[in-house]
Amino acid sequence: MNLVLLGPPGAGKGTQAKVLSKELKIRHISTGDILRDAVRNKTALGKETQEYMTKGELVPDRLVIAIVKETLQGNKADSGFILDGFPRTLEQATMLDETLEGIGKKLDVVIFLKTSLETSIARLNGRRVCKGCDTIYHIKNIPPKKEGVCDQCGNSLYQRKDDQVDTIKRRWSVYNKDTTPLIKYYTEKNILKEVSGDLDVDRLNTILMALFQKESLI
Ligand code: AMP
C-alpha cells in the first residue's frame with residue numbers, strides 16, 4: 001500500500017507512521033527526519049536547510065523533491081510506503097504524481113488527520129526527543145523513567161527548537177497557507193479520507209486499520 005499522512009504540525013503523523021510501518025511492513029519516509037539527520041551530520045543539505053527548519057518555514061521544494069525522488073526511485077519502497085510530512089505544497093504533490101507514474105506506482109490513499117491547534121500545541125510543546133536514538137517522549141503522556149534521560153539508550157533528551165509555542169504557531173500558518181490546498185487536490189482525485197488527529201495513538205491506529213481493510217488496501 002502506498003499512503004500519505006497529511007495534517008497540521010502535531011497531528012501525530014510521525015508517531016502513527018512508525019506504528020503502521022511496523023504493522024504493515026512498509027517503509028516510513030519522513031522528510032522531516034531525513035532533514036534533521038542532514039542537519040545533525042552537518043551535510044551540505046543540512047547546512048542549506050537548517051535555518052528554514054529552526055524558523056518553522058518550509059525548505060525549498062527542489063530540495064525535498066530531490067530527497068523523495070531518490071528514495072522512491074531507488075527501489076527502497078518497493079513493498080509500499082508511508083509518506084509523512086510530504087507533500088506539503090501543490091508543487092510537491094504534482095511532482096510526486098509524476099515520479100510515481102514514472103516508476104509504475106500510484107498513491108492508494110491519503111489520510112487527512114484533522115487536528116485542533118490546542119491538541120497540537122499540547123503535544124508538540126511537551127515533546128522530547130532522544131539525542132542518540134530519536135525515541136520520542138512526552139513530558140506528560142510518555143515520560144521517560146528518569147527525567148531528561150532516554151529509557152532505550154541512556155542519552156539525554158532535548159526539545160526541538162521548532163516545538164516552542166511561537167514556532168508551532170508559525171508552522172501552523174505555513175501549513176494553512178501552503179499545505180491545506182492539498183486537501184482539495186486529493187479530494188478531487190477521490191483518494192482522501194478524513195480521520196480525527198485528536199485521537200490517541202491506539203484508537204487512531206484501530207480506526208485506520210479498519211479503514212484500510214474496508215477499502216481492501218490490506
Ligand atoms: P516535520 O518533522 O515533518 O514537522 O518537519 C520539520 C521541518 O522540516 C519543517 O518545519 C520544514 O522546515 C522541514 N520539512 C519537512 N518536510 C518538508 C516538506 N515536505 N517541504 C518543505 N519542508 C519540509
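## Close-up views of a ligand site and two nonpolar cores

**View 1. T31 is a buried residue of helix α2**. T31 has a relative accessible area of 2%. Buried means under 20%, so T31 qualifies. The model shown here, as in every view, is predicted. Helix α2 holds T31. A polar atom of the T31 side chain lies 3.2 Å from the backbone oxygen of G85. Beyond its neighbours within four places in sequence, T31 is in contact with V64, V68, D84, G85, F86 and R88.

**View 2. Polar contacts join the ligand to T31, R88 and E57**. On the T31 side chain, a polar atom sits 2.8 Å from a nitrogen atom of the ligand. R88 also uses its side chain: a polar atom there lies 3.0 Å from a ligand nitrogen atom. E57 uses its backbone instead, with a polar atom 2.6 Å from an oxygen atom of the ligand. The protein buries 95% of the 480 Å² that the ligand exposes when taken alone.

**View 3. The shell around the ligand has 15 residues**. T31, R36, E57, G85 and Q92 come nearest. By class, the shell has 6 nonpolar, 4 polar and 5 charged residues. Helix α2, residues 31-40, gives the largest share, with 4 residues. T31 lies in that helix.

**View 4. The largest nonpolar core has 30 residues**. Within this core, L83, F86, L96, L107, V110 and Y186 touch the most other members. Two or more residues come from each of these elements: strands β1 (2-6), β3 (81-84) and β4 (109-114), and helices α4 (61-73), α5 (90-102), α7 (165-179) and α8 (181-188). The largest share is that of α4, with 5 residues.

**View 5. F86 is in contact with core member L96 and with T31**. F86 is itself among the members of the largest core that touch the most others. Neighbours within four places in sequence are left aside here. The contacts of F86 are then V4, T31, V64, I65, V68, Q92, M95 and L96. T31 and Q92, both in this list, are among the residues that come nearest the ligand. V64 and V68 are contacts of F86 and also of T31.

**View 6. A second core of 18 residues is separate from the largest one**. Its members include A11, V109, L208 and M209.

Note on methods
Residues numbered from 1 in each chain as written. Predicted model: local features only at pLDDT ≥ 70, side-chain atom pairs only at ≥ 80, totals over all residues. Heavy atoms only, no water. Near = heavy atom within 4 Å. Polar contact = N/O pair within 3.5 Å; in protein donor to acceptor, adjacent residues only side chain to side chain. Areas by Shrake-Rupley, 256 points an atom, 1.4 Å probe, with all protein chains shown as cover. Nonpolar A, V, L, I, M, F, W, Y, C, P; charged D, E, K, R; others polar. Core = buried A, V, L, I, M, F, W, Y, C linked by side-chain atoms within 4.5 Å. Buried < 20%, exposed > 50% of the residue type's maximum accessible area, 1.4 Å probe, protein only. Contact = heavy atoms within 4.5 Å.
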